[in-house]
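Visitor: I've got some questions about this structure, so let's have it up on the screen.

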Amino acid sequence: MQMVPILKIGNTLIISLQVKLHDKIVINVQEDILQKIYETRAEGLIIDVSTLEVIDSFMGKILSDTAAMARIMGTETVLVGIQPEIAITLQEMGLKLKGVHTTLNLEEGMSLLQNMRKAHDGEA
Amino acid sequence: MQIKETLGISELLTKKEREILDAWIKAQTDVPALKKGLITEKEVKEQSNRFLKILINAVAEGNLEDITKPEYHEINEFLANLSVSRAVLGFSPTETATFIFSLKDTVLKFLQEEFADRPEDLNKVVIRFSLLLDKLGLLTFETYVKGREDIIKNQQKIMLELSTPVIQVWDKILIVPVIGIIDSARAKQIMENLLISIVTTKSSMVIMDITGVPVVDTDVANRIIDTMQAAKLLGAVTILTGISSLISQTIVHLGIDFSDIITRANLRDGLELAFGKLRLKVSTMEG
């Protein structure tokens, strides 16, 4: 069984998806993530796909679902490191990653979450 | 019978080569291409001289019908080169084909003189020789068109490469000025160029300027939206600028949904917005 580690830094959870995962495992990962969010009450979730060569429609749907689910639990999701080829393929498939923030790399993802947190605190 | 007639032409060509050549060149000097200076008289002379020689060689074999036979190989090649080079030089189709057809007229005159006392033979000879040169004329025309097509293809390629620059105007800000019509091939190229540039320059702002796009229909709009959404997947904020009043009217009338995209009327406003989002400020220097 493939394991995908979920790391926690401060209020942020980070997962790195490095190889194409079996559909079944993807669902397990989704459950793990949500469980972890529930346990840690993280404010941000970063999913790193910079070494992923393919994102198929199933994977795309799971990613966008996870983001929607996380948002209900009060966590913003940032998808980082999408490769140009993948972006083109996703666009051609007509797959919309609704509710997911995207950034170029992990670093920018972190600062985006930080800014959002600041803005949020400002409102409150 | 057949061989005799063929030999008649072949012999005549050989015998009167000098005179035919002079008359032919004279006939060609009237073409506008020469007057326009696309080609010099010397070149015309060389080409004519060479062609007449290989034609005489080919005809000597006794074959006046099938120009795909090996004895016509040299002629085919010569005409192909000639038409392609003339196409490149800017000759019109008529000017290119005149090369062959003026030879036909010239030789027919000589044939008339030669066969003046044998009208029956003259008739046959004229028909056969005309058919041969008509075929060669068509060949010139065909290769001429092929040469033109190659030019067009090349230019298309060059235009595609020229037309999709991605410019980094500031740290993290890219501008894509789109000029002309966006077809699917171009849209793909723009998208690829843009995404690769976003990664290499680590940009987070993309301004796509469509001031130079004359018409925005549903297809074009969708291509623009696709490109901007792909850029968004890489984390870039995308701003569409250069939307003229005409284009904005078209977009609304067509019912295209641009609500997901930040839009500005001109590039200046787009750039200002991008600076603002990056918390940069342009100010006048003191003193």
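Visitor: Which residues of α6(B) does α2(B) meet?

Guide: Keep in mind that this is a predicted model. From α2(B), the residues taking part are E19(B), I20(B), A23(B), W24(B), A27(B) and Q28(B). By class, the contact of α2(B) with α6(B) divides into 8 nonpolar, 3 polar and 1 charged. On the α6(B) side, the partners are F99(B), S102(B), L103(B), T106(B), V107(B) and F110(B).

Visitor: How are α2(B) and α6(B) oriented to each other?

Guide: Helix α2 (residues 17–28) and helix α6 (residues 93–114) of chain B have axes 9 Å apart and pack at an angle of about 135°. Angles over 145 degrees would count as roughly antiparallel, and 65 to 115 as roughly perpendicular. The angle fits neither range, so the two helices, α2(B) and α6(B), are oblique.

Visitor: And what handedness does the crossing of α2(B) and α4(B) have?

Guide: Here the axes are 10 Å apart and the angle is about 135°. That makes α2(B) oblique to α4(B). As for handedness, the crossing of α2(B) and α4(B) is right-handed.

Visitor: How many charged residues are in the contact of α2(B) with α4(B)?

Guide: α2(B) brings E17(B), I20(B), L21(B), W24(B), I25(B) and Q28(B). α4(B) puts in V44(B), K45(B), S48(B), N49(B), F51(B), L52(B), K53(B) and I56(B). Sorted by class, that contact has 8 nonpolar residues and 3 polar ones, and the number of charged residues is 3.

Visitor: What span should α4(B) have, going by its residues?

Guide: Helix α4 of chain B covers residues 41–60, which is 20 residues. Its end C-alpha atoms are 28 Å apart. At 1.5 Å a residue, and counting one less than the number of residues, the expected span agrees with that: 28 Å.

Visitor: Which residue just after α4(B) takes a positive phi?

Guide: Within α4(B), the buried residues include V44(B), F51(B), L52(B) and I56(B). Just past the helix, phi turns positive, at about 90°. The residue is G62(B).

Visitor: Is K202(B) buried, exposed or partly exposed, and what is its relative accessible area?

Guide: K202(B) sits in the loop between α8 (184–201) and β3 (205–212) of chain B. Its phi is near 55°, positive in a residue other than glycine, and most residues other than glycine have a negative phi. Partly exposed lies between the 20% and 50% cut-offs, and K202(B) is partly exposed at 48%.

Visitor: Which residues does S197(B) touch, leaving out those up to four places away in sequence?

Guide: S197(B) belongs to helix α8 of chain B. Its relative accessibility is 17%, under the 20% cut-off, so S197(B) counts as buried. The residues touched by S197(B) are V166(B), L174(B) and K202(B).

Visitor: Where does R279(B) stand, buried or exposed?

Guide: R279(B) is in the segment after α11 (267–277) of chain B. Although it is not a glycine, R279(B) has a positive phi of about 60°. With 77% relative accessibility, over the 50% cut-off, R279(B) counts as exposed.

Visitor: Over to chain A: what pattern does it follow along the sequence?

Guide: Chain A has 4 helices and 5 strands, and of its 124 residues, 44% count as buried. Of its contacts with a separation of 6 or more, 75% are between residues 24 or more positions apart. Read along the sequence, the pattern is β-β-α-β-α-β-α-β-α.

Methods
Residues numbered from 1 in each chain as written. Chains lettered and ligands numbered in written order. Predicted model: local features only at pLDDT ≥ 70, side-chain atom pairs only at ≥ 80, totals over all residues. Heavy atoms only, no water. Axes fitted to C-alpha atoms, helices over the stretch in contact; angles between N-to-C directions. Parallel < 35°, antiparallel > 145°, perpendicular 65-115°, else oblique. Contact = heavy atoms within 4.5 Å. Nonpolar A, V, L, I, M, F, W, Y, C, P; charged D, E, K, R; others polar. Buried < 20%, exposed > 50% of the residue type's maximum accessible area, 1.4 Å probe, protein only. Left-handed = near helix turned anticlockwise from the far one by under 90°.
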